[in-house]
Amino acid sequence: MSGHAPPEVVCLGESMVTFLPSRPGRLADVPSFTRAIGGAESNVACALAAAGHRTRWIGRVGRDGFGDHLVETIGSYGVDVTAVGRDPHRPTGVYFRTDEDRATDAHEVVYYRAGSAASAMSPATVPYDSVAGARVLHLTGITAALSADCLDLVRDLTAPRPGRPLVSFDVNHRPGLWRDGSAPEVLLELARRADLVFVGADEAKALWGLKDSRAVTELIDGPETVVLKLGKAGAEVTDRRPESFADIEDADGVSHLVRPPRVDVVSAVGAGDAFAAGFLSATLRDLDMRTRLRHGHLMAAAALTAPGDLARPPRRAHADRLAALDTGAWGTLHLGPGWTGHDEEGPDRTGDDQEVRTP
C-alpha cells in the first residue's frame with residue numbers, strides 16, 4: 001500500500017504465532033508442527049490487503065523473534081504495520097492446535113497468551129491518531145477480553161466522536177477468555193456502540209439465549225447493519241440505514257438472506273474472518289447488501305478450500321462475476337480447492353476449471 005495514502009481499513013487486535021500439526025491426532029501424539037500466524041483482526045487485514053485495499057494492522061508484540069515473524073509476515077501481504085507496538089517486557093503470544101474441525105470434540109487448542117504484549121494494549125499505548133482517517137475500523141470481542149486495559153481501549157475506540165470511522169465489530173465470543181461471566185453484558189455493550197456487527201447464531205444463543213434473527217437484531221439495536229451468520233444456512237443482514245427503506249413506512253430495517261455456495265471444505269479455520277473481510281471489501285465499494293453477503297461467502301469459500309488460517313482471495317473480477325450470478329446459478333455453485341485461481345505452482349491461473357456447477 002502507499003506510504004502516503006491513509007488506510008481504508010484499520011484492524012486492531014492480537015495476532016499470535018500458531019503452530020499447526022504435521023499430522024492428525026491429539027496434541028500429545030503430534031511429533032512436529034509448522035509455524036504460521038493467527039489472529040482474527042490480522043486475518044481480516046491480510047485478506048483485505050490481498051483483495052486490493054489499503055489496510056493497516058495495529059497490535060502489540062514482544063521484542064522477540066516471534067514478534068519479528070508476525071510483523072514481517074503480515075506486512076508481506078501488503079498490510080501497513082508501522083503502527084504495531086513492540087513491548088520489551090512482555091512476550092508475543094503463541095498457540096498450538098490440532099487439525100480437526102473446531103466444532104468437534106477432537107479439536108484441541110492450547111494458548112500461551114497470558115501476560116502477552118497484546119494484553120498491554122490500552123488508550124495510552126494505542127493513540128486514537130493511529131486509526132483516524134480510515135474509512136473503517138475493524139474490532140472484535142477477543143481484544144476486549146484480553147485485559148481491563150484492552151477493554152478500556154475498545155471502549156475508547158467505539159465511543160462516539162466527530163469523524164469516527166465506521167466501526168465494524170465481530171462479536172467473536174471466546175468463552176475461555178471470559179471466565180468472570182461478563183461476556184453477555186460487555187459484548188452487547190460494545191456491539192451496540194458499533195455501526196456494523198457480525199455475530200454468529202450460535203454465539204447469540206450462547207450469550208443471550210436468542211434463537212431467531214429478529215430477536216438478535218432487536219437486542220443489538222444500535223448499529224445500522226447487523227450480519228447474523230447462520231452456518232451452513234448462510235447469512236442474513238439487517239440494514240437499518242435510512243436510504244435502504246426510505247419508501248417503507250414504519251420500517252425498522254430491511255433483511256436479506258443469502259445462502260452460501262456448496263464448498264468442498266479443506267479446513268474450517270479462518271472462514272469467519274474471511275467472511276467479514278469479503279463483506280467489508282464489498283462495503284468499501286458501496287455494493288448492495290445481497291452482493292456484500294455473496295462476497296462474504298466467496299471470501300469464506302477461499303478460506304474453507306485452503307489449509308491454514310489465511311488464503312488468497314479470488315481476483316476481484318472473478319469474485320464480481322460470481323457474485324453477479326442470477327439466483328438459480330448462484331444456488332448451483334460448487335467450489336473446490338483451487339477455485340480462486342491461486343496455487344503454489346502458479347498464481348496466474350484463472351480458476352475457472354475448478355469451479356463446478358451442480359445440476
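## Aromatic pairs and long-range contacts in a predicted model

Let us begin with how the chain meets itself: among contacts between residues at least 6 apart in sequence, 69% join residues at least 24 apart. This is a predicted model, and its mean pLDDT is 89, with 88% of the residues reaching 70 or more. You will find eleven helices and 17 strands in the protein. Of its 359 residues, 55% are buried. The protein exposes about 15800 Å², and carbon and sulfur atoms supply 50% of that area.

With the overall picture in place, turn to the aromatic rings. The count of aromatic pairs comes to seven. One of them is formed by Phe 33 and Phe 96, an edge-to-face pair with 5.3 Å centre to centre and 85° between the planes. Phe 33 belongs to strand S3 (residues 33-38) and Phe 96 to strand S7 (residues 94-97), so this pair ties together parts that are 63 residues apart in sequence. Are these two rings buried or exposed? Neither label fits: buried means under 20% relative accessible area and exposed means over 50%, so Phe 33, at 27% relative accessibility, counts as partly exposed. Phe 96 is partly exposed too, with a relative accessible area of 24%.

A second pair to look at joins Phe 198 and Phe 279, again edge-to-face, with 5.6 Å centre to centre and 90° between the planes. Here a strand meets a helix: Phe 198 lies in strand S11 (residues 196-200) and Phe 279 in helix H8 (residues 271-284), so the pair ties together parts that are 81 residues apart in sequence. Both Phe 198 and Phe 279 are buried.

Now go back to Phe 33 and Phe 96, for they have further company. Ring pairs link them with Phe 19, Phe 66 and Tyr 112 into a cluster.

Two other tyrosine rings are worth a visit, each with an arginine over it. The charged end of Arg 113 sits over the ring of Tyr 111, at 4.8 Å from the ring centre. Over the face of Tyr 128 you will find Arg 161, which lies 3.8 Å from the centre of that ring.

Finally, a word on where to read with care. Across residues 246-250 pLDDT stays under 50, and the model has one contact beyond four places in sequence for this stretch. Residues 344-359 also stay under 50 in pLDDT, though for them the model has 45 contacts beyond four places in sequence. Where pLDDT is low, the predicted coordinates should not be read in detail.

Notes. Residues numbered from 1 in each chain as written. Predicted model: local features only at pLDDT ≥ 70, side-chain atom pairs only at ≥ 80, totals over all residues. Heavy atoms only, no water. Helix = DSSP H or I, 4+ residues; strand = E, 2+ residues; numbered from the N terminus. Buried < 20%, exposed > 50% of the residue type's maximum accessible area, 1.4 Å probe, protein only. Contact = heavy atoms within 4.5 Å. Areas by Shrake-Rupley, 256 points an atom, 1.4 Å probe, with all protein chains shown as cover. Phe/Tyr/Trp six-rings, centres within 6.5 Å; stacked < 30°, edge-to-face > 60°. Lys NZ or Arg CZ within 6 Å of the ring centre and 35° of its normal. pLDDT = per-residue confidence, 0-100.
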